[in-house]
Amino acid sequence: MELGIDSLTNVVDGALTQAGVNEVIHGLVIDGIFKGVGSVLSFLPIIVTMFFFLSLLEDSGYIARVAFFMDKLLRKIGLSGRSIVPMLIGFGCTVPAVMSTRTLPSDRDRKMTILLTPFMSCSAKMPIYAFFVDNFFSSYKWLIMIGLYVLGIVLGIAMALVFKGTLFKGGAVPFVMELPNYRLPGARNVLQLLWEKAKDFLSRAFTVILVATIVIWLLQSFDFRFNLVSSPEDSILAKISSLLVPVMTPAGLGDWKICTSLISGFMAKESVVSTFTVLFGENVSAVLSAASAASMLVFSLLYTPCVAAITSIKRELGAKWAAGVVVWQCFIAWAAAVLVNLIMRLLIGA
């Protein structure tokens with residue numbers, strides 16, 4: 001999918017150049033729409049593949065048994081066994097994870113599960129982990145990668161216990177489920193589920209995500225006088241990022257370039273790496289310390305989900321809950337990153 005989008009982008013880019021289209025329109029179409037929406041569309045195969053196997057498990061009667069097995073453990077943190085399915089899906093992508101909570105019978109369980117899914121590290125964060133681990137912690141790759149996933153799960157459990165005693169007091173609804181017989185999945189059921197999920201994802205990609213992509217491109221390309229910038233440092237996005245520098249300094253991330261890459265990650269997490277390398281170049285080890293890299297990893301793990309995920313949360317719970325998730329996740333990420341930065345500086349002095 002990504003190769004196909006890149007090929008189409010190159011064809012359109014060449015056609016616009018040959019036609020002598022204005023550079024602003026050219027930049028909007030190629031750097032804004034194609035690269036922004038294209039990067040999100042490249043995740044369509046992942047979502048389709050994930051739902052394909054999930055629908056196989058569901059139609060075979062196995063998912064009901066997973067929920068049954070996990071019920072006893074999840075009740076200790078205030079959820080029923082049914083919540084395990086959205087959380088497992090969250091390791092692939094938060095968007096279908098949020099969508100899958102519609103099957104939960106209790107409004108309390110549904111809200112609580114949605115608030116916990118961002119703690120499950122989605123696949124779009126993998127490029128961030130790989131990039132910083134390769135550059136700074138190459139001797140401990142497997143340990144740090146596993147540690148990031150475990151950290152997300154542990155913090156998710158901790159937040160579930162906090163929610164259980166505050167926002168969502170009481171216990172989960174009684175787990176009553178008739179376990180279906182094992183059977184071969186039906187091709188029609190599987191294909192229908194795939195079509196519904198793909199259609200839902202594509203409708204968002206060409207509405208909310210398209211608008212968000214254009215906004216980010218405008219902020220990256222113009223200054224406050226709406227003149228095209230020759231240097232990223234002069235853009236509106238860079239000026240906005242510079243306002244975050246004092247806040248991010250305790251976490252070891254007090255650089256407008258780092259803040260800019262994290263803001264771009266709100267569009268799509270994998271764009272953090274591309275923005276980072278554009279602004280810093282390939283030799284990141286020369287401009288970032290190991291402590292800052294560790295802080296960056298933890299912050300990327302925990303901060304606000306991408307715009308597609310937030311849109312899904314807004315659709316399920318409303319705008320207030322969606323805004324709350326953005327603020328809450330950013331605060332948790334900042335606090336964790338500050339703590340990691342302090343620990344790393346004490347341990348290695350850098």
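# Aromatic pairs, salt bridges and a surface patch

User: Are phenylalanine 132 and phenylalanine 136 buried or exposed?
Analyst: The structure is a predicted model. A residue counts as buried under 20% relative accessible area and as exposed over 50%. By this criterion, phenylalanine 132 and phenylalanine 136 are both buried.

User: How many residues apart are phenylalanine 132 and phenylalanine 136 in helix H8?
Analyst: Both residues belong to helix H8, which covers residues 126-136. They are separated by about one helical turn because their spacing in that helix is four residues.

User: How many aromatic pairs does a search of the whole structure find, and what is the angle between the planes of phenylalanine 132 and phenylalanine 136?
Analyst: The search of the whole structure yields 14 aromatic pairs. Phenylalanine 132 and phenylalanine 136 form one such pair, with a distance of 6.4 Å centre to centre. Planes under 30 degrees apart count as stacked. The pair is stacked, and the angle between its planes is 20°.

User: Is the pair of phenylalanine 163 and phenylalanine 168 stacked or edge-to-face?
Analyst: Phenylalanine 163 is buried, as is phenylalanine 168. Their ring centres lie 6.0 Å apart, and the angle between the planes is 85°. An angle over 60 degrees places a pair in the edge-to-face class. The pair is therefore edge-to-face.

User: Which residues form one aromatic cluster with Phe132 and Phe136?
Analyst: Phe132 and Phe136 are both buried. They belong to one aromatic cluster, whose other members are Phe131, Phe137 and Phe276.

User: Which residue forms a salt bridge with aspartate 59?
Analyst: The structure holds eight salt bridges. In the one formed by aspartate 59, the closest N and O atoms are 3.1 Å apart, and the partner is arginine 183.

User: How many residues apart are aspartate 59 and arginine 183?
Analyst: Aspartate 59 lies in helix H3 (residues 44-60), while arginine 183 lies in the loop between helix H9 (141-165) and helix H10 (187-205). Aspartate 59 counts as buried because its relative accessibility is 11%, whereas arginine 183 counts as exposed at 52%. The pair links distant parts of the chain, and the separation is 124 residues.

User: What is the N to O distance in the salt bridge of aspartate 71 and arginine 75?
Analyst: The two residues stand four apart in helix H4, so about one helical turn separates them. Aspartate 71 is buried at 12% relative accessible area, and arginine 75 is partly exposed at 28%. Their side chains meet in a salt bridge with an N to O distance of 3.0 Å.

User: Which residues are joined with Asp107 and Lys111 into one network?
Analyst: Aspartate 107 and lysine 111 form a salt bridge, the closest N and O atoms being 3.4 Å apart. They are four residues apart in helix H7 (residues 107-116), so about one helical turn separates them. Through salt bridges that share partners, Asp107 and Lys111 are joined in one network with Arg102, Arg110 and Glu316.

User: Which helix contributes the largest share of the nonpolar patch?
Analyst: The patch on the surface is formed by Leu57, Tyr62, Phe68, Phe69, Met177, Leu179 and Tyr182, with about 680 Å² of accessible area together. Tyrosine 62, one of these residues, is partly exposed with a relative accessible area of 34%. The largest share, three residues, comes from helix H4.

User: How far from the ring centre of tyrosine 182 does arginine 65 lie?
Analyst: Tyr182 belongs to the nonpolar patch on the surface. Arginine 65 lies over the face of tyrosine 182, and its distance from the ring centre is 4.1 Å.

Technical notes: Residues numbered from 1 in each chain as written. Predicted model: local features only at pLDDT ≥ 70, side-chain atom pairs only at ≥ 80, totals over all residues. Heavy atoms only, no water. Patch = residues over 30% accessible without salt bridge, like charges linked within 9 Å, V, L, I, M, F, W, Y side chains within 5 Å. Areas by Shrake-Rupley, 256 points an atom, 1.4 Å probe, with all protein chains shown as cover. Salt bridge = Lys/Arg side-chain N within 4 Å of Asp/Glu carboxyl O. Buried < 20%, exposed > 50% of the residue type's maximum accessible area, 1.4 Å probe, protein only. Phe/Tyr/Trp six-rings, centres within 6.5 Å; stacked < 30°, edge-to-face > 60°. Lys NZ or Arg CZ within 6 Å of the ring centre and 35° of its normal.
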